[in-house]
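Q: Could you show me how to read a structure like this one, starting with its overall build and ending with any space enclosed inside?

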Amino acid sequence: MSKAPVAIPPEHQSTPLQQPPQPTRAPLFDRFGRVHRSLRISVTDACNIRCQYCMPAEQVQFLAANQQLSVAQFATLVRAVAALGVRNYRITGGEPLVRRDVPELLQALRDIEGVEELALTTNGMLLADQLPALVAAGLQRVNISLDTLSHATFKTLSRRDGLERVLEGIEAAVAEPQLMIKLNALVLRDVNLDDVYGLVEFAKARHVPLRFIEYMPLDAERKWNLNRMVSGDELRRLLSERFGPLEPVLGSDPSQPSTDYRFASGGQVGFIDSVSKPFCGSCDRLRITADGRIRNCLFGREEWDVAHLLRAQASLEEIQQVVRVAVLAKFPSHGIADPDFQPPERAMYQIGG
C-alpha cells in the first residue's frame, strides 16, 4: 500500500511543469511532496544474457558506443543533481559490467561533493574479475541477481549458460568485508517457483539478504502475464510455512522499495511488490538512461533529453532546470492497476533497473 505523501512546504509549491522560483540548491520536491535523493544511472543497454522477463531472445540492437553518455558526461549530470540533494547513486544496465569503464565512473562520482552512496546492480557474471577494481574505485553496495541455483533453469530463464560465473561473483563479493551485498530474485510461476526455498537457504548460509521482486510488465517481448507473476503475499506464505514466521524489520528506510523481514531461525528476506502493493507514495528515485534521457518513473512513458546539454557542455543550472521539470511532471503512482495502463515503449534493459 502506498504511503501517505509528505506535506510539501509552501516555498516549494508550484503548479505542474512550471519552473519553481527556487535557489539552485533547493531540494527536488515533486507536486506530491516527495523529495528525490536517488538516481539510477544506466550506463549501457547491452547485456550478456537474455532473461525472459527483460529482453528479447535474439536479434537485439544495442546502442552504439557514441550514443551512450561518457564518464565525463555522467559526472557532469551527477554534479548538477548532487547540488540539489541527490545523495545515492546506483549503476545499472543492461548489464553495467559489459562496459569496462565502470571503475572510472565510480572514481569520478565518489569525488563529487554531496555523493554519499555508490551502488551497483549486476547479473554477477563478470563480477569476480572486476570486483577488486570496483571496490578500489569506491563501490559500497552491490545487488546481484540470482533467480535459481539450477543450471538447467538458469539456461531456461536467461537463455544462456553461466550460472557458475554468477556464483563465483557472489562468493567474491561475500569475501569483501566492506561491501554490502543483496541478492535479487525474480520468480516466474512456470519457471522457477520451486527454487525459492533453495535460494533462501543459500542466502541464509552466507548471511546475505535476499529480495524477491514481482514480475513487472517491462519485458521486451510484451508477454507479461499476471498469471506468471508470483505475488509477494504468496511468497511470504510459502516461506513462512517452510522456514517459520516472518518478523518485520523495523526502522528501514521508507523510500527503499523492499519490505524486509527476518526469520526467527536467522536470515533476512525482502519483497519488492511493485505490482500488487506499489510503494509510489515514498518513491525518491530518478533515472538516467544510457543515451541521456531523464525518466521520473520506471513505468513512465515520458523522457527528458539532457544528452544534448551534456554534449554541448551546458551549465549545471541548465541541466538542473530540465531535471526539475521532469520531477514536477511525476505522477502520484505508476498506474499499473489502471484499466488503461500501457507499459513504456522501452523495456527494462533499455531503461535501467
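The dialogue below goes from overall build to the strands and then to the cavity.

Q: Before going into detail, how many helices and strands are there in the protein?

A: Keeping in mind that this is a predicted model, one counts ten helices and twelve strands in the protein. The radius of gyration is 20 Å, close to the 20 Å that the globule rule gives for 353 residues, so the protein is as compact as a globular protein of that length. Taken along the principal axes, the box filled by the C-alpha atoms is roughly 55 × 40 × 40 Å.

Q: In what order do the strands form the sheet, and which are the edge strands?

A: A sheet is read by following which strand pairs with which, and here twelve strands form an open sheet with mixed pairing, in the order β7-β8-β9-β6-β5-β4-β3-β2-β1-β10-β11-β12. The edge strands, each of which pairs on one side only, are β7 (246-248) and β12 (304-305).

Q: In which sense do β5 and β6 pair, and what lies across β5?

A: Strand β5 (residues 180-186) pairs with strand β6 (residues 210-213) in the parallel sense, over four bridges, and N184 stands opposite R211 in β6. Helix α5 (residues 163-174) lies across β5 and also across β4 (141-145), and its direction makes an angle of about 155° with β4.

Q: How does one look for enclosed space, and what does a search of the whole structure find?

A: Rolling a probe the size of a water molecule over the atoms shows where empty space is left. In this model, a search of the whole structure finds one cavity of 30 Å³ or more, and the largest cavity has a volume of about 40 Å³.

Q: Which residues line the largest cavity, and which element gives the largest share?

A: The lining consists of V200, A203, K204, V208, L210, F263, G267, Q268 and V269. Two elements, α6 (196-205) and β9 (268-272), each give two or more residues to this lining, with α6 providing the largest share, three residues. Sorted by class, the lining has six nonpolar, two polar and one charged residues.

Key: Residues numbered from 1 in each chain as written. Predicted model: local features only at pLDDT ≥ 70, side-chain atom pairs only at ≥ 80, totals over all residues. Heavy atoms only, no water. 1 Å grid on protein atoms, 1.4 Å probe; cavity = no way out; pocket = protein on both sides within 12 Å on 5 of 7 lines; lining within 4 Å. Points joined across faces, edges and corners; volume = space filled by probe spheres on them. Nonpolar A, V, L, I, M, F, W, Y, C, P; charged D, E, K, R; others polar. Pairing = 2+ DSSP bridges. Contact = heavy atoms within 4.5 Å. Axes fitted to C-alpha atoms, helices over the stretch in contact; angles between N-to-C directions. Rg over C-alpha atoms; globule rule 2.2 N^0.38 Å.
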